[in-house]
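User: Could you take one part of this model and look at it closely, then follow its contacts outward into the rest of the fold? I would like one connected account that keeps to what can be read from the coordinates.

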Amino acid sequence: MTTARVGDPGNPPVAVVPFTDAVYPDCAAAPETPSGCLTVGGVRYPYEIGKLEVTVAQWVAFLNTVDPDGRDRLGLYDANESGETWPRYGQIEFAEDARRGRHYSLAHPEWADKPYGFADFLDAARFVNSLVNGRVLEKDTTTEGGFTYHSYTVRLSPRTERGMYDLDRPDTTRTEASGFVVPSQNEWVKAAYYDPSGGGTYSYWKYPTNAGVFGDGDATAPGATVLDPATGDVTNASTQPLASYHPSGGTAPTWCPGQVPPAECATVNPLGLDPATYATLYQGSLSTGGQALTTSPWGTFDQGGNAVEWTDTITPPPPARTSAASGGGCTAVCRTPRPTSCGPPRSGFSRRTTSSTGTPIRGWASGSG
């Protein structure tokens, strides 16, 4: 796991009105709308966030570690993740008769370095607990392009129900002051958009890959990645700034493993949708992580949000064990692109919000992001 160091503790937050092309210094300066106003991005402590998203190969290693017998008692795998069930988006195959610790495998080799696309908060929390309960074998620190990166080599643990998150509690939040965590909304927004040098508007970029100009629509939007149709590799990385996303009014970057007949990519899906509806509703852009080459203000190469970070300080501190706040990350989650009542993914960007208990949850956003 490689993380990018995020500094400038105590940075100012910025105010946003959801789904509008503007930022404000605070909510008092924002117009009143039915959508309300959110203050985001302020974090009082230094931390590290993933340079890249968690890959499918890393997730396969996690599944084989925590479920070596292939019984899936924790519900970490769904049949719709199979390439056979969903040729275009299925990333992981399950083999019941495989030997111990080998029940899960890549659906196709091309998925190895792509972001894992089927996790909700509980899945991510269990992945984090496996890291926290595991053993850090090595930690290397490097500096590149003015950014500080830490690379952790971790032997995963099969213990998933306690660690950074106590999953016996429906309203689980962080329980430790140091270690791997699922990022909060503010932590992710700061890493993706806050410019410590004062660039952008009120020190916030419009896009994770370039400062842009708020209020100009998509005039200063980064270019959209073009993907090799058989491998998902980015083919236009020399065009910068660049990001993997769904341009407004345009088509999403797309690909399908070369081993899959094109007709199956366009028609076979677990919902049995007709080809036209399927093509409209499901427009993922799971390109090879990091190949867009453009960094955020803190050196991440991730256009979609990072599933894991390392933190040394938690504020506010974890709630007392006796607290039982309503809500929680397990009650307001979109599994993506697993078909659920949450609706289909429409973009390569994933977004997180936080529940009433401060638990980060993950979903997908549509539009130009």
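Analyst: **Helix α3 and its surroundings**

The buried residues of α3 are Q185, E187, W188, V189, K190, A191, A192 and Y193. What follows describes a predicted model, and the values are to be read with that in mind. Eight of the nine residues of α3 are buried, so this helix is largely enclosed by the rest of the structure. Charged, polar and aromatic side chains are all found on that list, E187, K190, Q185 and W188 being among them, and the account can begin with the aromatic ones.

The structure contains 18 aromatic pairs. In one of them the ring centres of W188 and Y193 lie 5.8 Å apart with their planes at 75°, so the arrangement is edge-to-face. Neither ring belongs to an exposed residue, since W188 and Y193 both count as buried.

The charged side chains come next. Ten salt bridges are present in the structure, and one of them joins the side chains of E187 and R174, with nitrogen and oxygen 2.6 Å apart. Because E187 belongs to helix α3 whereas R174 belongs to the loop between β8 and β9, this bridge ties together parts that are 13 residues apart in sequence. Both partners, E187 and R174, are buried. In another place, salt bridges with shared partners link D21, K206 and D216 into one network.

K206 deserves a closer look, as it sits in the loop that runs between α3 and β10 and touches Y193, one of the buried residues of the helix. At 10% relative accessibility, under the 20% cut-off, K206 counts as buried. Its side chain meets that of D21 in a salt bridge of 3.1 Å, N to O. The two residues stand 185 places apart in the chain, with D21 in the loop between β2 (14-16) and β3 (38-40), and the pair therefore links distant parts of the chain. The partners are not equally covered, for D21 is partly exposed at 29% relative accessibility, whereas K206 is buried. The side chain of K206 also makes a polar contact of 3.0 Å with the side chain of D216. Setting aside residues up to four places away in sequence, the surroundings of K206 further include A211, G212, V213, F214, G215 and G217. T220, which is 14 residues from K206 in sequence, has its C-alpha 9.1 Å from that of K206.

The loop between β8 and β9, which holds R174, takes part in a further charged pair. The side chains of R126 and E161 form a salt bridge at 2.7 Å, N to O. R126 is part of helix α2 (residues 121-132) and E161 part of the loop between β8 (147-155) and β9 (179-181), so this bridge joins parts 35 residues apart in sequence. Here R126 is buried, at 11% relative accessible area, while E161, at 25%, is partly exposed.

From these charged pairs the account can move to the nonpolar interior. The largest nonpolar core has 41 residues, of which W59, F62, L63, I92 and Y165 touch the most other members. Helices α1 (56-66) and α2, together with strands β8 and β9, each contribute at least two residues to this core. W59, once its neighbours within four places in sequence are left aside, contacts V54, I92, Y116, A119, D123, A124 and F127. Apart from that core lies another one of 16 residues, among them V14, V43, A192 and Y194, and A192 leads back to α3, where it is one of the buried residues. W59 also belongs to an aromatic cluster, which it forms with F62, Y116, F118 and F127.

Two further kinds of contact complete the picture. E48, in strand β4 (residues 47-50), is buried at 2% relative accessibility, and its side chain makes polar contacts with the side chains of T3, at 2.6 Å, and of Y152, at 2.7 Å. Elsewhere, charges are placed over rings: K51 lies over the face of Y149, 4.4 Å from the ring centre, and the charged end of K114 sits over the ring of W255, 4.8 Å from its centre.

Key. Residues numbered from 1 in each chain as written. Predicted model: local features only at pLDDT ≥ 70, side-chain atom pairs only at ≥ 80, totals over all residues. Heavy atoms only, no water. Salt bridge = Lys/Arg side-chain N within 4 Å of Asp/Glu carboxyl O. Helix = DSSP H or I, 4+ residues; strand = E, 2+ residues; numbered from the N terminus. Buried < 20%, exposed > 50% of the residue type's maximum accessible area, 1.4 Å probe, protein only. Core = buried A, V, L, I, M, F, W, Y, C linked by side-chain atoms within 4.5 Å. Contact = heavy atoms within 4.5 Å. Polar contact = N/O pair within 3.5 Å; in protein donor to acceptor, adjacent residues only side chain to side chain. Phe/Tyr/Trp six-rings, centres within 6.5 Å; stacked < 30°, edge-to-face > 60°. Lys NZ or Arg CZ within 6 Å of the ring centre and 35° of its normal.
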